[in-house]
Amino acid sequence: MANPEKEVFFNNHNNTISCDFLENILSKLDTKSLKLCECVSKSWLSLLRTPYFINLHLHSQQPHVVFLKKKVRKFYHTLSICDGENFAEISLQKFPFIERDYSSPLFMGSDNGVLGLFCFRTDVIHLWNPTINEYKELPIFLDSSCVDSVLGLGYDPLTNDIKVVRFTSLDENGVVGTHNLFKHGNQVWIFSLRNNSWKKMAMPNIFSEFEIPNFDITISVGLGCSIVLNECIHWMVWFVNRIGYNQSSLGIVSFDISNETFKHIKLPKTVKLERDYGNNLANFSGFLSFFTLSEFQVVEIWVMKKYGDSDSWFKYLSCNLLTLLPNRFGQSCSYIPVGFLRNGTLVISCTETDYWYCYDTKSRRVGNVSKRFGVSDFTTYVESAFKLND
């Protein structure tokens, strides 16, 4: 799709360069090089800051993988940003903000070059763009030290805004309820970066089919952080049967970032929850997908052909990690899938060591990512020049 302002031309020593041609070239640059191009002229600066070009550049970038490394002794947490193809480390960055004592942040999501970090112990939320090293600490809107929460973030292209969504265990009267964070009427808080404020809304009833006494809807941190696809934030939820654990199942909650509406996306009925870890959502080549881990180390990857259509799920892959990967510790060795990348690579960690592996599901080849010491969380992100403090 061409820029509607393609009539604009840039003159460089009597050589005319069309806007479309210039956009195509500049969109391939990395973000730091692009920032230097803003100094060329006012015309270039104007072009590079249009929402159209920002979106074009963002979608031209290859996603990076990000390892969050634990705090060691007096040292702070660090962020290891690696190439999404060969996992070579591009940069190792310290947090630009001051960490509280005993802080243990985790990723809550990533979109438009912005990482979201949430510390359960201190209830502090940070947004951070590592590319330009700009961050923002969100205002605390309530005393939530005893409130269970699940968070996610996403970019709203209609308003050029970052929104943070926080589900809570507070009912409509502000009383702390059960672990059922998605209960009808519970408080959901939405933060707008553009307005620098939170607003409250009530959780709609999107799980009417589960309104039976034995069920409680909850979510575990082990199910991973949110992902953004089709301008919606998604979370994997765990429907827990309080009487029979083996009757528990999985589902997906989506939040339309612009319209601020919720939806329940059903998973295939054949998918059963055997563990409360090793299950997560993913963006596979622009398609909503998820993976599960069985008791016997079998990973299943499912992909949705038509977004929003629960009948379009199909099983993309099933593989046994014990036969796929080297067994360094005999029967005690176990593996956990932690991410499924857009290019079809499954990222796997070994619980007994600091070894990480990548499995190319297209070529069926296993690669050694080498040791990653002290990793506490993992996600992906794309470089951008999105500013958090304009």
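Select residues 20–53 to begin. Over this stretch the chain is 71% helix and 0% strand, and its end C-alpha atoms are 10 Å apart. The UniProt record, an unreviewed entry, annotates residues 20–53 as "domain: F-box". Keep in mind throughout that the model is predicted.

**Helix H4**

Next, colour helix H4, residues 51–58. Its buried residues are Phe53, His57 and Leu58. Show these side chains and look down the helix axis: they cover an arc of only 135° around it, which puts them on the same side of H4. An α-helix has 3.6 residues a turn, so residues three or four places apart point the same way. To see what the buried residues of H4 pack against, add helix H1 (19–26), helix H2 (31–37) and helix H3 (42–48).

**The whole chain**

Zoom out and switch to a cartoon view. The protein has five helices and 27 strands. Of its 390 residues, 51% are buried. Among contacts with a separation of 6 or more, 49% are between residues 24 or more positions apart.

**Phe95**

Now select Phe95, in the loop between strand S5 (89–94) and strand S6 (105–111). Is Phe95 buried or exposed? Its relative accessibility is 7%, below the 20% cut-off, so Phe95 counts as buried. Leaving aside neighbours within four places in sequence, show the residues that Phe95 is in contact with: Leu68, His77, Thr78, Pro105, Leu117 and Trp128. For one of these pairs, draw a distance between C-alpha atoms: Phe95 and Trp128 are 8.9 Å apart in space and 33 residues apart in sequence.

**Asp377**

Move to strand S27, residues 375–381, and pick out Asp377. Which backbone atom lies 2.8 Å from a polar atom of the Asp377 side chain? It is the backbone nitrogen of Phe107. With neighbours within four places in sequence left aside, Asp377 is in contact with Phe107 and Leu106, and also with Val66, Phe67 and Leu68.

**The sheet S10 to S13**

Select strands S10, S11, S12 and S13, which form an open sheet in that order with antiparallel pairing. Strand S10 (149–156) and strand S13 (197–202) are at the edges; each has a single partner strand, so one side of each is left without a neighbour in the sheet. Neighbouring strands here are turned by 20° against each other on average, direction ignored.

Within this sheet, isolate strand S11 (residues 161–168) and strand S12 (residues 187–192), which pair in the antiparallel sense over five bridges. Label Arg166, then look across to Trp189 in S12, which stands opposite.

**The sheet S19 to S22**

For the last stop, select S19, S20, S21 and S22. This is an open sheet of four strands in the order S19-S20-S21-S22, again with antiparallel pairing. Which strands stand at its edges? They are strand S19 (280–284) and strand S22 (313–320), each with a single partner strand, so one side of each lacks a neighbour in the sheet. The average turn between neighbouring strands of this sheet is 25°, direction ignored.

Finish on S22 and its partner, strand S21 (residues 298–304): the two run antiparallel and are joined by seven bridges. To find one such position, label Ile301; its bridge partner in S22 is Leu317. Turn on backbone hydrogen bonds in the viewer at this point, as strands of a sheet pair through them, either parallel or antiparallel.

Methods
Residues are numbered from 1 along each chain as its sequence is written. This is a predicted model: local features need pLDDT of at least 70, side-chain atom pairs count only at pLDDT 80 or more; totals for chains, interfaces and linings use all residues. Side-chain values use heavy atoms; hydrogens and water are left out. Two strands pair if DSSP finds at least two bridges between them. Axes are lines fitted to C-alpha atoms, for helices over the stretch in contact, and angles run from 0 to 180 degrees between N-to-C directions. Buried means under 20% relative accessible area, exposed over 50%, partly exposed in between (1.4 Å probe, protein chains only). Contact means heavy atoms within 4.5 Å. The arc is that of the directions from the helix axis to the C-beta atoms. UniProt positions are given in the numbering used here, feature names are shortened, and annotations may be inferred rather than shown by experiment. A polar contact is a pair of N or O atoms within 3.5 Å; within protein, one must be able to donate a hydrogen and the other to accept it, and residues adjacent in sequence count only if both atoms are side-chain atoms.
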